[in-house]
Amino acid sequence: MKAFEQELKSVIKLLSNRDIQNFSEKHLQTLVLTLLNISDFYFIKSENEVNKHYPDIMLLQRSPFEVNYQYLFELKFCKKKDKDWAQKKQQGIEQIKVYLALDDIQALANLKSYLILSNGDELEMIAV
């Protein structure tokens with residue numbers, strides 16, 4: 001995950017101030033999905049319904065490949081002017097905890113979950 005985080009941070013740094021003027025969580029999600037799509041080892045699920053909840057991104061094992069982990073990502077975007085980084089971080093962590101309590105999510109073997117928080121300039125990836 002460290003290599004993925006570093007790659008995502010390097011892509012975020014390429015964005016100019018004009019690129020992030022109207023940046024939102026959906027833009028962040030598109031960047032993350034684009035980077036994740038280079039792997040054939042996983043089924044990538046974006047906003048997939050799980051017991052009436054919608055985790056932002058899930059990477060699920062894809063047969064015939066064997067992977068060590070499956071992943072759940074929750075994304076949060078914090079507008080710079082709002083300066084609510086800590087609040088968005090807490091919201092994301094709480095959302096992940098709700099997902100992790102769902103039976104269908106608990107049934108996934110070797111699941112790791114992460115919050116990806118960004119404001120268009122900075123990016124933090126937190127294991128939950």
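**A walk through the fold, starting at Glu47**

Let's start with Glu47, which is partly exposed, with a relative accessible area of 27%. Keep in mind as you look around that this is a predicted model. Glu47 sits in the loop between β1 and β2, and its backbone is worth a look: phi is positive, about 55°, although the residue is not a glycine. Why flag that? Most residues other than glycine have a negative phi.

Follow that loop along and you'll meet another case. Lys52 is also found between β1 and β2, and its phi is near 65°, again positive in a residue other than glycine. Is Lys52 buried or exposed? It counts as exposed, because its relative accessibility is 71% and the cut-off for exposed is over 50%.

While we're on backbone oddities, hop over to the loop between β2 (57–61) and β3, where you'll find Pro64. The peptide bond leading into Pro64 from Ser63 is cis, with omega near 10°. For context, most peptide bonds are trans.

Now back to Glu47, since it gives us a way into the helices. One of the residues that touches Glu47 is Gln29, which lies in helix α2 (residues 25–36). Gln29 has a relative accessible area of 3%, so it is buried, the cut-off being under 20%. What does Gln29 touch, leaving aside its neighbours within four places in sequence? Its contacts are Ser46, Glu47, Asp56, Ile57 and Leu75. With Ser46 there's a polar contact as well, side chain to side chain, at 2.8 Å.

Stay on α2 for a moment and look at Thr34, which is in this helix too. Unlike the buried Gln29, Thr34 counts as exposed, at 53% relative accessibility. If you want a sense of scale, go from Thr34 to Leu115: the two are 81 residues apart in sequence and 17 Å apart in space, C-alpha to C-alpha.

Next up is helix α1 (residues 2–14). Its 13 residues reach 19 Å from the first C-alpha to the last, close to the 18 Å expected at 1.5 Å a residue. Which residues of α1 are buried? They are Phe4, Glu5, Leu8, Val11 and Ile12. These residues cover an arc of only 125° around the axis, which puts them on the same side of α1. The spacing makes sense if you recall that an α-helix has 3.6 residues a turn, so residues three or four places apart point the same way. Turn the helix around, and the face away from the buried side carries the exposed residues Lys2, Ala3, Lys13 and Leu14.

And what do the buried residues of α1 pack against? They meet α2, β3 (70–77), β4 (111–118) and β5 (123–127). Leu8 makes a nice example. It's in helix α1 and counts as buried, at 0% relative accessibility. Leaving aside its neighbours within four places in sequence, Leu8 is in contact with Leu31, Val32, Leu35, Ile116 and Leu123. Take Val32 from that list: Leu8 and Val32 are 24 residues apart in sequence, but their C-alpha atoms are 7.2 Å apart in space.

Now for some empty space. The largest pocket holds about 260 Å³. Its lining consists of Met1, Ala3, Phe4, Glu7, Leu35, Leu36, Ile38, Ser39, Tyr42, Ile44, Leu59 and Tyr71. The elements that give two or more residues to this lining are α1, α2 and β1 (42–46). Which of them gives the most? That's α1, with three residues.

Finally, swing round to helix α3 (residues 85–100). Its 16 residues should span 22 Å at 1.5 Å a residue, and the end C-alpha atoms are 23 Å apart, which agrees. The buried residues here are Gly92, Ile93, Ile96 and Tyr99. They cover an arc of only 120° around the axis, so they lie on the same side of α3. What covers these residues includes β3, α4 (103–106) and β4. You've met β3 and β4 before: the buried residues of α1 pack against them too.

Technical notes
Residues numbered from 1 in each chain as written. Predicted model: local features only at pLDDT ≥ 70, side-chain atom pairs only at ≥ 80, totals over all residues. Heavy atoms only, no water. Helix = DSSP H or I, 4+ residues; strand = E, 2+ residues; numbered from the N terminus. Buried < 20%, exposed > 50% of the residue type's maximum accessible area, 1.4 Å probe, protein only. Polar contact = N/O pair within 3.5 Å; in protein donor to acceptor, adjacent residues only side chain to side chain. Contact = heavy atoms within 4.5 Å. Expected span 1.5 Å × (residues − 1). Arc of directions from axis to C-beta. 1 Å grid on protein atoms, 1.4 Å probe; cavity = no way out; pocket = protein on both sides within 12 Å on 5 of 7 lines; lining within 4 Å. Points joined across faces, edges and corners; volume = space filled by probe spheres on them.
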